Amino acid sequence: MIIVLKPHSSPEVVAHVLERIEALGLTPHLSQGVSRTIIGVIGDEQKLQVEPLQAIPGVEQVVPILKPYKLASREFHPENSIFEVKGIKIGGGHLAMIAGPCAIEGEALLYEVAVRVRDAGANILRGGAFKPRTSPYSFQGLGEDGLKILRNVGDQLHMPVVTEVMDPRQIELVSRYTDMFQIGARNMQNFDLLKEIGKTRIPVLIKRGMSATVKDLLMSVEYILSQGNREVILCERGIRTFEDSTRNTLDLSIVPNVKGLSHLPIIVDPSHATGRPDLIPAMAMAAVASGCDGVHIEVHSCPEKALSDGPQALVPDQYARLMDELRRLAEVMGKTIDVCEGEPVSCAPC
Ligand code: PEP
Ligand code: MN
């Protein structure tokens, strides 16, 4: 249920409504827009039905949200959400350009890739320290050593960083190094992980599960939001279908679909969606044209030597050419790509 307050309600009115909701044993979630305040109420709605909430001074409307995801819904937050990660805005017309290797393999290599993608216009650096590999014999990531490298390179280049967390037991460690958590496709429905991530206040990039519907994805997002962490960005990375000429099938309709259903930003990862460098640029352009809030692309300076996902990596020159095109498209669409401020420093070993 959402309670819409009259425009420009005073803090006393808001506090009074919150008090009434809490007295009923329900949890209120406040969404403060420019002129309006909306209160989402989570819990047994039966309890609210007996309360004449409509009669409280300052309350304009009491509306049930029929969708199973409440805090993620557009009804709860009509305007597009905009989040800021170390000065880089995402959503509401600001594009996140996330780039970097699949895995952190070493400091010199990450620095080399990071400098190149930053010069090309990337504004968030990615790299996995904990890798969810199909085979237990494949490279599993450098763990904490990788996180230290990522943090160091990010700091030298004034770039926010994002990295995957796979298990609730890793949250404390990863949160010491990252600016944004990534929840991978394989963990989209790891509900214990989602609940624990929801208790942090670090922005989250959650990737769509390989066989998840749009509703499944939004329900997973709701797990995070309901624990109090409001900064969630969705990511389409392709789903499993019968098509086997691409690694996955990119479902671009999810972008306008989610935009209608939710206020949260959604970005697109054409690297995992196609698995093919020859298709990534076209799909990145199509993603931005579809109205998404950014693209997430794997880049490696020597894909043939990469320890993870080499065959789908773009080389820095390809990424730079793509960014030139994406910038032109963004301009036509009236979108902004924030740039990382500050002079890069050469990387002192961590
Ligand atoms: C990744 O970003 O490297 C990754 C493992 O992604 P996904 O969870 O989408 O497979
Ligand atoms: Mn990868």
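**View 1. The manganese ion (ligand 2) and its protein donors in the predicted model.** Four side chains reach the ion here: Cys102 through SG, His272 through NE2, Glu298 through OE and Asp309 through OD. Their distances to the manganese run from 2.1 to 2.4 Å.

**View 2. How the manganese donors are spread along the chain.** Read in sequence order, the donors give the spacing C-x169-H-x25-E-x10-D. Take His272 and Asp309: this pair ties together distant parts of the chain, 37 residues apart. His272 belongs to helix H9 (residues 270–274), while Asp309 sits in the loop that runs between strand S14 (294–298) and helix H11 (316–332).

**View 3. Polar contacts to the oxygen atoms of ligand 1.** From the side chain of Arg237, an N or O atom lies 2.6 Å from a ligand oxygen. Ala185 joins in with its backbone, placing an N or O atom 2.7 Å from an oxygen of ligand 1. Lys207 brings a polar side-chain atom to 2.9 Å from a ligand oxygen. On its own, ligand 1 has 300 Å² of accessible area, and the protein covers 97% of that.

**View 4. The shell around ligand 1.** Ligand 1 sits in the largest pocket. There are 14 residues around ligand 1, and the ones that come nearest are Arg126, Gln182, Ala185, Arg186 and Arg237. By type, the shell splits into 7 charged, 4 polar and 3 nonpolar residues.

Notes
Residues numbered from 1 in each chain as written. Chains lettered and ligands numbered in written order. Predicted model: local features only at pLDDT ≥ 70, side-chain atom pairs only at ≥ 80, totals over all residues. Heavy atoms only, no water. Near = heavy atom within 4 Å. Polar contact = N/O pair within 3.5 Å; in protein donor to acceptor, adjacent residues only side chain to side chain. Areas by Shrake-Rupley, 256 points an atom, 1.4 Å probe, with all protein chains shown as cover. 1 Å grid on protein atoms, 1.4 Å probe; cavity = no way out; pocket = protein on both sides within 12 Å on 5 of 7 lines; lining within 4 Å. Sits in = over half its atoms within 2 Å of the grid points. Nonpolar A, V, L, I, M, F, W, Y, C, P; charged D, E, K, R; others polar. Donors = N, O, S within 2.8 Å, 3.2 Å for Na, K, Ca; no water. Helix = DSSP H or I, 4+ residues; strand = E, 2+ residues; numbered from the N terminus.
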